[in-house]
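Work through these exercises with the structure open beside you. Try each task before you read its solution.

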Amino acid sequence: MAFKSTRPDEIVFRIATGAFAVLLIGLVAAIGVELYRQSQLSIKEFGWQFWQTDTWDPVAGQFGARPFIWGTLYSSILALIFSTPIALGIAIFISELAPNWAKWPLVFLTELLAAIPSIVYGLWGIFVLVPVVRQLEVATPQWMKVIPLFSGPPLGVGMLSAALILAIMVIPFSSSVAREVLKSVPQAQREGAYALGATRWEAIRMALFYARTGIVGAVMLGFGRALGETMAVTMVIGNSPQIKWSLFAPQYTMAAVIANEFTEAGDELHLHALIEIGLVLFIITLIVNMISRMFIWSMGRQKRPRVAQTAAVKAAA
Amino acid sequence: MKLRTQIVAAAIVTAIGGATLVAQQINGAGATFPDPIYQKWFSEYNKANPKVQINYQPIGSGGGIRQVTAKTVFFGATDGPMTPEQLLAAPGKILHFPTVLGGVVPIYNLPGVTTPLKFSGPVLADIFLGKVTKWNDAAIAKLNAGVTLPATDIVVVHRSDGSGTTYILMDYLAKVSAEWKSKVGVAQSVNWPTGVGGKGSDGVTGQVKQTPGAIGYVELTFALTNKLAFGSVQNSAGKFVTASPETVTAAAAAAATSIPKDFRVSITNPPGDNAYPIASFTWLLLYESPADKTQGAAMVNFMKWALADGQKFAPEMGYAALPKAVVDLELKALETIKVK
């Protein structure tokens, strides 16, 4: 620690910023502990069954979170599948291809998407997206409906609408981070690739390869965002707790059931079960965010010359 | 500088003066369903009695019961009466006071069908159970002689959020269908056997409007203010009644003869030719012995006003006024609140 200073102001500065960092860790821990404490009734009553059963019946006091876990993960993964190519396309275009005058408006517009409140997305979903999705579902030919992915009546609301809304909401997040990651690829890498006779596409491929872990991190960040989205999703997903592969089937997510039932949950067990759903969501989000962080860290720690060499060699080959 | 100090000082004095002018700040929280009329009442009452300012947070019946039990608010409000367990959990005796009445109406989307459809309790229960799945089912056709019903699939749309509206409908369906009672039960949120969930009344309405063959339910106030067409429902006297503030009041009047002293009563499926069967009181929750006696006295005065003058605002806002018999009983019950 060559930079460690013994000057008092330096020490105070270090302690102060360190305290803030510790405060944040404490805050996350406190949320976890509090969620655990407030869901005691449900944890005691159901144990691991809570993660494994499908019935959600507030009247009978039967609570199982599996359809909600399924709905949350399924909708978020679908959203990633829809959003990743678009987000990457935007990021690549802005950082590698766009003429300078087009960059700023494009960055501004993608980031504007992130600033729209989710209730607005939800309303747009109900009145614009859902009718379009229903048209699509009505137009689905009968032979396709045999496939479980497209089975069920054309309701409009359901998994597909939710995944599409989520995809649109996630795009600005993953594309901004992916753009930053691409920006961090040293210019020398590209110049080296060109020097070796790479075409533009080959040079971009090299840059993508160089930035691959960071891009995965960007996508995972979007995934974390999709997991927790509440309002827009609950307005278009159909809110029906069932586990189905069908994109047309109404399903449910963890965040949505909390938002829907928390205010009117009079019964203690119901309340605790809802808070336990929050705990489950907290744990899953934590895991996803940890993975995404690990990807970004691993990118930072990579030994650049080796990657650069292999990438350049591959690009040139 | 000096001028600025004076302005600040003046502002502070006005602020303090303003605070003392509003002698009474009473906070309440609870049901969302009566929120529009409560806000109207509190603002009208404040105009007539500037010293009393009542704040109401529509956080939901469950939240209202929790907060009044924890005494974080002075009064609560709920669409479903408190359960005996909830009453026991409260630190003091809580009294229920019906304030207005609301009805729940079936809305549907059937292109080509222009005459308002007729429903009966058992048929509604079978539709919401997912047993009647086509609009031209014999059970529906029997009630609607002369109407050509299409062979469209029925799409059930229900509330996804916990709601007093759902509670009232569940309470009714459980009374008219044994299967509903055993399979689904009565609560603000239930495990729906079929259908899709829309968030809030506007979510349900949006979904019904967009889906041919859909059936849903909303509160009467919502249907009236948004000019939605809705079906009539057969009451226990066998008559088909269309919901309106009058027929909902009639439901309460029919039930008033056998009303219990604590007013915790369900009035769905009441007797009476003119009574609309899917109706309910909404209640205000007050402690019998409030901790703050001046707030208690102010609240009792407000309740007296709401039961008399306040009722006039009900029909124009789509709520039904309380029948006189119930008002009289409540005025007596208000006397039992210990404000001294």
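**Exercise 1. Judge the confidence.**
Task: Find the mean pLDDT of chain A, and find which stretch falls below 50.

Solution:
- Step 1. This is a predicted model. Begin with its confidence scores.
- Step 2. For chain A, the pLDDT averages 87. A score of at least 70 is reached by 92% of the residues.
- Step 3. The weak stretch is residues 305-309 of chain A, where the pLDDT is below 50. Beyond near neighbours in sequence, these residues have five contacts in the model.
- Step 4. Turn to chain B. Its mean pLDDT is 88, with 93% of residues at 70 or more.
- Step 5. In chain B, residues 13-20 have a pLDDT below 50. That stretch makes zero contacts beyond near neighbours in sequence.
- Step 6. Where pLDDT is low, do not read the predicted coordinates in detail.
- Step 7. For the complex, the predictor gives a pTM of 0.82 and an ipTM of 0.77.

**Exercise 2. Place one residue in chain A.**
Task: Say where Phe282(A) sits and which residues it contacts outside its sequence neighbourhood.

Solution:
- Step 1. Locate the element. Phe282(A) belongs to helix α14 of chain A, residues 268-301.
- Step 2. Leave aside neighbours within four places in sequence. Phe282(A) then contacts Val28(A), Ile31(A), Gly32(A) and Leu35(A).
- Step 3. Take one partner, Val28(A). Along the chain, Phe282(A) and Val28(A) are 254 residues apart. Their C-alpha atoms are separated by 9.7 Å.

**Exercise 3. Describe the two domains of chain B.**
Task: Give the domain bounds, then describe the contact between the domains.

Solution:
- Step 1. By the domain assignment, domain 1 of chain B covers 3-101 + 281-334, and domain 2 covers 103-256.
- Step 2. Domain 1 of chain B gives 17 residues to the contact, and domain 2 of chain B gives 14 residues.
- Step 3. The C-alpha centres of the two domains of chain B lie 31 Å apart.
- Step 4. Domain 1 and domain 2 of chain B bury about 1200 Å² between them. Carbon and sulfur atoms account for 72% of that area.
- Step 5. Sort the residues. On the side of domain 1 of chain B that touches domain 2, 13 are nonpolar, three polar and one charged.
- Step 6. Count the links. The rule finds zero salt bridges across this domain interface of chain B. One residue pair is in polar contact between the two domains of chain B.

**Exercise 4. Follow a loop residue in chain B.**
Task: Find where Met317(B) lies and what it touches.

Solution:
- Step 1. Met317(B) is in the loop between α13 (313-316) and α14 (324-335) of chain B.
- Step 2. Skip residues up to four places away in sequence. Met317(B) touches Pro36(B), Ile37(B), Lys40(B) and Thr221(B).
- Step 3. Now look along the chain to Glu335(B). Met317(B) and Glu335(B) are 18 residues apart in sequence. Their C-alpha atoms are 29 Å apart in space.

**Exercise 5. Describe the chain interface.**
Task: How much area is buried between chain B and chain A, and which elements of chain B give two or more residues?

Solution:
- Step 1. In the contact, 30 residues of chain B meet 29 residues of chain A.
- Step 2. About 2200 Å² is buried between chain B and chain A, and carbon and sulfur atoms give 49% of it.
- Step 3. In chain B, Arg66(B), Lys199(B) and Gln210(B) lose the most area to chain A. Together they make up 28% of what that side buries.
- Step 4. Between the chains there are zero salt bridges, but 11 residue pairs are in polar contact.
- Step 5. The elements of chain B that give two or more residues are α3 (61-69), β6 (155-159), β7 (196-198) and α9 (200-210). With four residues, α3(B) gives the most.
- Step 6. By class, the side of chain B that touches chain A has 20 polar, seven nonpolar and three charged residues.

Definitions and conventions: Residues numbered from 1 in each chain as written. Chains lettered and ligands numbered in written order. Predicted model: local features only at pLDDT ≥ 70, side-chain atom pairs only at ≥ 80, totals over all residues. Heavy atoms only, no water. pLDDT = per-residue confidence, 0-100. Contact = heavy atoms within 4.5 Å. Domains from an automatic or database assignment. Buried area = accessible area lost by both parts, 1.4 Å probe. Salt bridge = Lys/Arg side-chain N within 4 Å of Asp/Glu carboxyl O. Polar contact = N/O pair within 3.5 Å; in protein donor to acceptor, adjacent residues only side chain to side chain. Nonpolar A, V, L, I, M, F, W, Y, C, P; charged D, E, K, R; others polar.
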